[in-house]
Every structure is written in structure tokens, then in C-alpha cells.
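Subject: Structure handover

Hello,

Here is the structure you will be taking over. Please look at it first, then read the notes below, which go from the whole chain to single residues.

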Amino acid sequence: MKRRTAPQGAAVTAVRTLLRARIRLVLAVLLLTLAPTTPALAGADGPSGAVDASRDSSPRGAEVVAVTRVADRQLDLSVRSTALGGRTVEVRLLTPDGWNPGDRRRHWPTLWLLHGCCGDYTSWTAMTDVAETDSLRDVLVVMPEAGWNGWYSDWWNHGQGGDPAWETFHTVELRHLLERDWGAGRDRVVAGLSMGGQGALQYAARHPGMFKATAAYSGSAHPLLNDESVNRVMGFFAGQNNDPLRVWGDPVAQRRIWQAHDPFHLAKRLKSLPVYLSCGDGTTGPLDPPGATSALEADFNRQNHALAAELKRLGAQHVTTHFYGPGTHTWAYWERELHASLPMLLGALRANH
């Protein structure tokens with residue numbers, strides 16, 4: 001058997017090195033070919049007239065996979081979320097004048113607007129004049145999807161947790177994405193209606209320092225108030241043929257979980273924040289058709305009065321209430337209350353600036 005001479009060994013080594021380099025090149029080309037691409041957003045306020053959504057791969061479990069311009073200053077981000085089991089959901093942004101997500105030096109204060117049960121991320125722009133409100137032209141408005149009846153919670157799922165985890169999606173995944181790649185700053189306020197009112201109060205309480213103020217319009221402010229309130233929210237939990245115990249569990253056996261999502265029981269964590277609470281009493285009001293009534297609004301009215309009293313008992317100094325009497329559970333009142341609360345919300349964003 002012949003031994004290789006030194007020149008032969010060097011030649012073999014060179015060939016092997018060349019082969020490895022070619023293999024690496026082929027693999028790199030394949031990876032680039034197979035990598036998912038996101039369509040650029042034509043006409044966005046970026047330096048080249050487009051937003052590159054591929055920048056949004058997040059180490060925290062979510063990524064933007066598509067961007068759609070839906071109207072002037074309005075973008076929809078399609079976000080694939082680990083907290084939601086890998087599903088893709090939408091987040092609508094109402095962008096400020098001069099917004100440029102490519103400019104990493106500028107970050108905008110944000111107003112989170114949370115939708116109610118049976119609505120979605122389009123509700124605020126579809127049902128109110130939020131997009132035409134001049135005082136919101138210098139803030140980034142975030143309107144995230146929260147599920148038909150998601151209740152802004154990481155669902156208990158009979159002790160298993162997992163999908164859906166709306167709270168984690170919003171307060172961790174989405175917050176991180178927006179602040180890293182979409183121009184959101186760390187000064188935030190949050191407001192919502194009905195289910196979203198509960199979400200706004202809950203997020204402000206459960207995540208100290210995340211929001212500088214909170215507002216709830218006809219919000220579910222104390223779902224454990226009495227049996228009627230418990231049964232009503234359980235009815236919402238059961239919507240779309242859902243097992244109602246998946247959300248917070250049984251109101252007796254898992255009472256601690258219920259309390260952990262009940263703004264009344266979180267009042268100590270809210271007492272240092274500016275809080276705005278508004279609600280009608282469920283009777284026919286000035287913005288209702290004749291004869292309209294709402295048992296749901298009457299229930300939420302009692303819940304909001306209970307929360308306001310508890311905040312007062314705890315010594316809260318920054319609570320504004322507008323319990324306006326006649327009025328039902330409808331958008332005409334929520335649009336009005338958004339405008340009424342904006343001076344407080346925007347004032348909190350601009351404090352110390």
C-alpha cells in the first residue's frame with residue numbers, strides 16, 4: 001500500500017476545503033430562497049417609502065409577518081405570536097405625524113385602546129372618530145386584537161395554561177416589538193371599553209410602571225361584585241361554545257385567579273395612578289333610541305361605583321369619575337368618554353417632559 005506524499009496530502013486537503021466552501025455557499029443560497037418574506041409597505045413614512053417587516057423577528061416569541069396600510073396614518077401589523085399558540089393576529093396602529101419607524105432615535109408616546117367583547121382590533125377606528133382626533137396626531141395609538149372574548153388574560157385552561165395568553169401577548173411580546181421596531185416609546189397610557197375597560201384597569205394594576213394612566217368606559221370593574229355579576233361574565237366566557245372554566249376557572253374553587261383579574265381587588269395597585277371611570281345606569285339616555293335599556297350597563301354601573309368607593313377608601317388622589325346616569329352600553333357614549341378622558345391621559349404622557 002502506497003503512502004501519500006506530502007504534495008498529494010496538501011492537494012487532497014485543498015480539494016476538501018474547496019468542497020466545504022461550495023457546500024456552505026449552496027446552503028446559504030437555499031436558506032435565502034426558503035426564508036419567509038414579508039411584503040414591503042408601499043407609501044409608509046420610511047426613508048425609502050417602505051417599511052421592512054422582516055426586521056421584526058423577535059426573540060420574545062412574536063414576529064410581524066405582514067404589514068398592510070388600511071387608511072391614512074393607519075397600518076395593520078400581522079403578528080405571529082408564541083403566546084397565542086403560533087397563531088397570527090392583527091394589531092392596528094394609528095401613527096403620529098412625522099412617524100418614521102426607521103428612525104431609531106425617535107420614540108413616540110403611546111395610547112393603547114382596548115376593544116370590548118364581541119369586537120376586534122378594528123372597532124375603535126370603525127365606530128369612533130379616533131382617527132380624526134387632532135390631539136392624537138402626536139402619539140402612537142395601538143389597537144391590538146384581544147379575541148372575541150379573550151378578557152385580556154392568560155387563560156387558566158384547567159391548570160394547563162398556554163394558548164390563549166392574551167396578557168403575555170400584549171404586555172410582553174407586542175410591547176417589545178413596538179418599542180424595538182415601530183417607534184413606540186416607554187411612556188404609555190391605556191384605555192378601553194367594557195371587556196377592554198377591565199383590561200385597561202387590570203394591565204395598569206398588574207404591570208406597575210408600564211402605564212402612566214388608565215381609563216375605563218363602561219368597564220367590567222368588579223366581576224366578583226355579586227352573583228349577577230359573576231353569572232354575567234361567565235356567560236361571556238361561554239361565548240362561541242367555549243368552556244367558561246377555561247378563562248379564570250371556577251369563581252369559588254379558583255377565586256384567587258378571579259381576584260387577580262378583578263380591578264376592585266387590584267385597587268391598591270391603582271391608587272397612585274390617574275384613573276378615569278365612566279358608566280351609564282342602563283336606562284334610556286340622550287344618545288339612545290327611545291325605550292332602549294341595558295341590564296349589562298346597569299350591572300357595570302354598580303361595579304364601577306364599587307371600585308370608585310374602594311379607591312377613595314384607599315386614599316387615591318387621582319381618580320376622575322363620570323357616572324352620567326341615563327345611558328346604555330353603546331358606542332356613542334364611549335366615543336364621548338374617550339374625548340372627555342383624553343386631557344387626563346395625554347397629560348399623564350406629557351408629565352415630566
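**The packing of H10**

The buried residues of helix H10 pack against strand S4 (108-114), helix H2 (123-127), strand S6 (184-193), strand S7 (214-217), strand S8 (275-279) and strand S9 (319-323). Please keep in mind that this is a predicted model.

H10 itself covers residues 331-350, which makes 20 residues. From its first C-alpha to its last it reaches 28 Å, close to the 28 Å expected at 1.5 Å a residue. There is nevertheless a kink of about 45° at Ser341, shortly before the proline Pro343. Ser341 is also one of the buried residues of the helix, a list that includes Trp331, Tyr333, Trp334, Glu337 and Leu338. Past the kink, the buried residues include Leu342, Met344, Leu345, Leu346, Ala348 and Leu349. An α-helix has 3.6 residues a turn, so residues three or four places apart point the same way.

**The chain as a whole**

The chain has 10 helices and 9 strands. Of its 353 residues, 51% are buried. Contacts in the chain between residues at least 6 apart in sequence join residues at least 24 apart in 71% of cases. The exposed surface comes to about 16,100 Å², and carbon and sulfur atoms supply 55% of it.

**Strands S2 to S5**

Which strands pair with S5? Strand S3 (residues 88-94) is joined to S5 by 4 bridges, and the two run antiparallel. S4 pairs with S5 in the parallel sense, over 3 bridges.

Some of the partners can be named. Val91 has Pro144 in S5 as its bridge partner, and Leu93 has Val142 in S5. On the S4 pairing, Thr110 stands opposite Leu140 in S5.

S5 (residues 140-144) is mostly covered, with 5 of its 5 residues buried. Leu140, Val142 and Pro144 point one way from the strand, while Val141 and Met143 point the other way, and all are buried.

S3 is largely enclosed by the rest of the structure, because 5 of its 7 residues are buried. S3 is also joined to strand S2 (residues 74-81), by 7 bridges, and these two run antiparallel. In that pairing, Asp76 has Arg92 in S3 as its bridge partner. The hairpin of S2 and S3 has 6 residues between the strands, and Gly85 there takes a positive phi near 70°.

Asp76 also gives a link to a loop further along the chain. Thr122 is 46 residues from Asp76 in sequence, and the two are 9.3 Å apart in space, C-alpha to C-alpha. Thr122 is in the loop between S4 and H2. With a relative accessible area of 22%, Thr122 is partly exposed.

**Cysteines**

How many disulfides does the structure hold? The number is 0. The sulfur of Cys117 has its closest cysteine sulfur in Cys118, at 3.1 Å, which is too far for a bond, since the cut-off for a disulfide is 2.5 Å. Cys117 counts as buried, at 16% relative accessibility. Cys279 counts as buried too, at 0%.

**Backbone points to check**

Most residues other than glycine have a negative phi, and most peptide bonds are trans. The places below depart from one or the other of these patterns.

- The peptide bond from Asp163 to Pro164 is cis, with omega near -5°. Pro164 is in the loop between S5 and helix H3 (166-181).
- Ser194, which is not a glycine, has a positive phi near 55°. Ser194 is in the loop between S6 and helix H4 (195-206), and at 7% relative accessibility it counts as buried.
- Ser218 also has a positive phi, about 50°, although it is not a glycine. Ser218 is in the loop between S7 and helix H5 (227-237), and at 0% relative accessibility it counts as buried.

Where should you look to get your bearings? One place is the kink at Ser341 in H10. Another is S5, with its antiparallel partner S3 and its parallel partner S4.

Regards

Definitions and conventions: Residues numbered from 1 in each chain as written. Predicted model: local features only at pLDDT ≥ 70, side-chain atom pairs only at ≥ 80, totals over all residues. Heavy atoms only, no water. Expected span 1.5 Å × (residues − 1). Bend = angle between axes of the 7 residues up to and from the residue. Buried < 20%, exposed > 50% of the residue type's maximum accessible area, 1.4 Å probe, protein only. Contact = heavy atoms within 4.5 Å. Pairing = 2+ DSSP bridges. Areas by Shrake-Rupley, 256 points an atom, 1.4 Å probe, with all protein chains shown as cover.
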